[in-house]
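Open the model in your viewer and keep the selection panel at hand. The stops below say what to select and what is found there.

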Amino acid sequence: MLNNHDEPLATAQCEVIRKAGDVAPFPSGKITYLAPLPLPTPMPPYGPHIGELNDVYMDFGLGQPEAFMWQMTLGGPFATSFSVLFLFPIITGFLGIIFGYGQEAIWESMLAIFEEARENILLTGPFTLLIGLGVWHHVHKKRLSLIPTRFNRQRREACFMPEGATEPVFVPWESLSAWIIEAKGATQFGIHRQYGMGIGFHHGETLTSLEFQCAGLELAFSHWEAIRGYMEYEVNDLKSIQDLQELQGPDDPPHEGLHTFRNARARMHQQIREGRRSRLSGFFWYLYHVMTLWTIPNRLVEWEVRRLERIGKQVLPEVMREWSEPLPEEQWAKPSEELLRLSEQVRQMHKRQPHRPITQIFAEVCRRG
C-alpha cells in the first residue's frame, strides 16, 4: 500500500542536493538514493503498483485489482465453513473407527460435531464475509478517489497531487528523487529487516513523497526500474512488468479475468500431459478453485476494472487530463546530454564489474561527472 507524505523539512536538509548513489544513514538503517539523475540498474522491472499504462502516460498508485482478493473475500469464508461443517465430522468418524468405537457411537459423535459446527458457522461465517467485503469496499473507494502519481514520458514530467492541494504539481522527470530504504531492528524472534522504495520532490521546505514497503532489497530496485524503464522507453506494456506467471496471451487485456483463469487451466493440463506436473497437483488445483468459487472471483475482477475505468477518471483535475493528451512527436521532450552520458558510463562500468553494487557504480560515475 502506498503511503503519501507531506513533510516539512529543516532548511539545512532542504539545501542538501542528493543525487544517485548518495547514502544517508539513520540510527536503524540507511537511505540510498537512485535519482536524480535516474540512472539504469541491472534489476528486471516489476510494477505491481502500476495501474494504467499507454504510449503517453503511466499511473503509479494501487495497481490493478486481483482475483486473489476476491478469492479470499468470498472463497475464504465458504472454504472455512465447508471444512468445519463436513470435514471435521468425517475426521471424527475416522478417529472413532481407529479407536474401535461402535457404529452408533461414531454416528452420534459425528452428528454432535456437525450440529456444534453449524451453530458456530451461522454466526462466524456471515461475520467473516462482512469483514472481507468491508476491506474490499475500503480499497475500492480508495481506488475510485485516488488521484495517482502520473508519469508522462512524452513531456518527461511527473504529476503529483499533494495531500490537501487543489491543483496538481508537475515535476521534471530528471529532477525527481528516488530512494531505497533499508532498516533493521532486534525483536524476540531475532533481527527483523525492512525495505522500502520512495519517490518524491521538494517544493519550498516541504517534501512530497510516496513510499511503500517491499519484500526485499532486489524488489525495491525492481519497482523503481519499472518506473525508470517506462520513462526511458524501455518498458512499453504492463504484461512485461506484472504478468510474472505469463497467464496473458498476446491479445488479452492487461488485467486479470476469465482469460487468466482459462490460460492457467490450459497450461496446467499441458504440463500434466508433458509429465512436468503430477495429476495429484492438478487435483489440488481444481480443489483450490472450487473452494474459492471457481470463476466468480475472475468475473468480479473484470466488473471492478470496468467500474474503475468508468468512474475513476472523473476525479482527475481538468488540467491533469489536458496534460495527459498526446503530443506531436516533434514536441516530445528529450533526455539531457548529462543523463545519456552518465547512463552509458553506468552500463559500461557494470559490464566490466558485474558483481559490484550498482549504488557504488552510481556514486563513482556521478563523482567523476
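Which side chains meet in a salt bridge at 2.6 Å, N to O? Select E234 and R228: their side chains form this contact. The model is a predicted one, and every distance quoted on this tour is computed from it.

**Stop 1: the charged network**

Keep R228 selected and add E225. These two also form a salt bridge, with 2.5 Å between the closest N and O atoms. Both residues belong to helix α4, residues 217–231, and they sit three residues apart, about one turn of the helix. Now colour by accessibility. E225 is buried, with a relative accessible area of 5%, and R228 is buried as well, at 2%. The cut-off for buried is under 20% relative accessible area, so both E225 at 5% and R228 at 2% fall below it. E234, by contrast, is partly exposed at 42%. Add R347 to the selection: salt bridges with shared partners link E225, R228, E234 and R347 into one network.

**Stop 2: a pair within helix α3**

Side chains of opposite charge can pair when their charged atoms come close. For another example, select helix α3, residues 103–145, and pick out E115 and R118, which lie three residues apart in it, about one turn of the helix. The closest N and O atoms of this salt bridge are 2.6 Å apart. Is E115 buried or partly exposed? E115 is partly exposed, with 34% relative accessible area. R118 is also counted as partly exposed, at 35%. A search of the whole structure for salt bridges gives eleven.

**Stop 3: helix α10**

Select residues 337–352, which make up helix α10. The helix has 16 residues and spans 23 Å from first C-alpha to last, close to the 22 Å expected at 1.5 Å a residue. Which residues of α10 are buried? Show the side chains of L339, L342, S343, V346 and M349. These buried residues lie on the same side of α10, because they cover an arc of only 130° around the axis. Rotate to the face turned away from that buried side, and you find the exposed residues E337, K351 and R352. To see part of what covers the buried residues, add α11, residues 358–368.

**Stop 4: the five-stranded sheet**

Switch to a cartoon view and show strands β4 to β8. They form an open sheet of five strands in the order β4-β5-β6-β7-β8, with antiparallel pairing. The edges are β4 (50–53) and β8 (169–172), each of which pairs on one side only. On average, neighbouring strands of the sheet are turned by 20° against each other, direction ignored.

Zoom in on β6, residues 149–152, and β7, residues 157–160. These antiparallel strands are joined by three bridges. Label F151 and then its bridge partner in β7, which is A158.

**Stop 5: the hairpin**

Finally, select strand β2, residues 23–26, and strand β3, residues 29–35. How many bridges pair β2 with β3? There are four, and the pairing is antiparallel. The two strands form a hairpin, with two residues between them. Label F26 and G29 to finish: G29 is the bridge partner of F26 in β3.

Conventions. Residues are numbered from 1 along each chain as its sequence is written. This is a predicted model: local features need pLDDT of at least 70, side-chain atom pairs count only at pLDDT 80 or more; totals for chains, interfaces and linings use all residues. Side-chain values use heavy atoms; hydrogens and water are left out. Two strands pair if DSSP finds at least two bridges between them. The expected span of a helix is 1.5 Å times one less than its number of residues. Buried means under 20% relative accessible area, exposed over 50%, partly exposed in between (1.4 Å probe, protein chains only). The arc is that of the directions from the helix axis to the C-beta atoms. Contact means heavy atoms within 4.5 Å. A salt bridge is a side-chain nitrogen of Lys or Arg within 4 Å of a carboxyl oxygen of Asp or Glu. Axes are lines fitted to C-alpha atoms, for helices over the stretch in contact, and angles run from 0 to 180 degrees between N-to-C directions.
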